Amino acid sequence: MKSVDYIIVGFGLAAVAFCELLERKGHSFIVIDDDKNYSSKVSGGLYNPVILKRFTLSWNAEAQLELALPIYNELEQKLGVSFNEPLSVMKRFSSIEDQNNWQVASDKPNLQAHIDDRLIKNDNAALKAPFGFGRVKNTGKIDTRILLSSYKDYLQNKDMFVTEAFDYGQLDEHKVQYKEIAAKRVVFCEGFGMHFNPWFANAALKGNKGEMLLIEAPDLQLGFVLKANVFIIPVGSNRYIVGATYDWEDKSLTPTTQGKEKLIRALDGLISCDYKVLEHRVGI
């Protein structure tokens, strides 16, 4: 019988954050996950304090950045990997009115630290951006796949990770015991998977299906994140993530033709160079 303070079920970004907190506080734990977490793995990983559709700060944006970025930096040192890449986000202007709205927003006291008031001209022939761009500051990208795989390796080396589907029927909630593991608490970090959890099946969790494309476009040469009706996020080696769709009804993990076509239409309206679709990703 193994005894720990916490059993953690699921392994996405929420679980990593909780594991890190527990370890810093000196609590023992073990993670159980079947390695099928989709949403954290397929995430574009972008952090951006400004909601560009409405020119407002994201909820608690500054507090979140102040808390999150030092933790990510410490995790990079702890794991010996690099996954946090500061990267500018450029909003593509669609009109003169769009430019004017940007400059008005840049004068708002709560946005001045995050919005560059300059209008930036497009000099990339592969981009369709006749009205140019506006730059959002304090933005970047977390490579969630590197973070998750590296942290999993770290836990496995310490015998703190079990790769299996959690069997709810094997959890004795009175003893807080799962198979041969006894604990004080069980914490579920399952994301949308909570719908299959008998203790949380009726939780008010809506779930949003997002589809993204991984493309290869050697002539695009994009050194920033482009935000228009979709994001184009550079991930290295002439590859880019294009996304995302939002579907509040379909909860399958099956890529859809409609989702792919919607992303391709948006992409074709933004770039004029050739590209190849390498992957079609889905997460809820």
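**Helix 6, one sheet and a few single residues**

I'll start with helix 6, where Thr257, Gln258 and Arg265 are exposed, on the other side from the buried residues of that helix. Before going on, note that this is a predicted model.

Helix 6 covers residues 257-268, twelve residues in total. From its first C-alpha to its last, helix 6 reaches 16 Å, close to the 16 Å expected at 1.5 Å a residue. Which residues of helix 6 are buried? They are Gly259, Leu263, Ala266 and Leu267. These four lie on the same side of helix 6, because they cover an arc of only 100° around the axis. As a reminder, an α-helix has 3.6 residues a turn, so residues three or four places apart point the same way. What do the buried residues of helix 6 pack against? Their partners are strand 14 (210-216), strand 16 (231-236) and strand 17 (239-243).

Next, the sheet. There is an open sheet of six strands with mixed pairing, in the order 10-2-1-13-12-11. The edges are strand 10 (161-163) and strand 11 (171-172). Each of these has a single partner strand, so one side of each is left without a neighbour in the sheet.

At the strand 11 end, strand 11 pairs with strand 12 (residues 177-178) in the antiparallel sense, over two bridges. Within that pair, Leu171 stands opposite Tyr178 of strand 12. Helix 1 (residues 13-24) packs on the sheet, where it touches strand 1 (2-9), strand 2 (29-33) and strand 13 (181-188). The direction of helix 1 makes about 150° with that of strand 1.

Strand 1 and strand 2 run parallel and are joined by four bridges. Here Tyr6 stands opposite Phe29 of strand 2. How many residues of strand 2 are buried? Five of the five, so strand 2 is largely enclosed by the rest of the structure. Looking at directions, Phe29, Val31 and Asp33 point one way from strand 2, while Ile30 and Ile32 point the other way.

Helix 5 (residues 144-157) lies across strand 2 and strand 10. Helix 5 runs at about 110° to strand 10. One residue to look at in helix 5 is Lys152. Is Lys152 buried or exposed? Lys152 has a relative accessible area of 14%, so it falls under the 20% cut-off and is buried. Leaving aside neighbours within four places in sequence, Lys152 is in contact with Phe11, Asp35, Phe161 and Thr163.

For contrast, take Leu67, which is found in helix 3 (residues 61-79). Its relative accessibility is 58%, so Leu67 counts as exposed. The C-alpha atoms of Leu67 and Asp172 are separated by 36 Å, and the two residues are 105 residues apart along the chain.

Last, the cysteines. The structure holds zero disulfides. Cys189 is in none, and the nearest cysteine sulfur, that of Cys19, is 7.4 Å away. A disulfide would need the two sulfur atoms to be within 2.5 Å. Cys189 counts as buried, because its relative accessibility is 13%. Cys273 also counts as buried, at 13% relative accessibility.

Methods: Residues are numbered from 1 along each chain as its sequence is written. This is a predicted model: local features need pLDDT of at least 70, side-chain atom pairs count only at pLDDT 80 or more; totals for chains, interfaces and linings use all residues. Side-chain values use heavy atoms; hydrogens and water are left out. The expected span of a helix is 1.5 Å times one less than its number of residues. Buried means under 20% relative accessible area, exposed over 50%, partly exposed in between (1.4 Å probe, protein chains only). The arc is that of the directions from the helix axis to the C-beta atoms. Contact means heavy atoms within 4.5 Å. Two strands pair if DSSP finds at least two bridges between them. Axes are lines fitted to C-alpha atoms, for helices over the stretch in contact, and angles run from 0 to 180 degrees between N-to-C directions.
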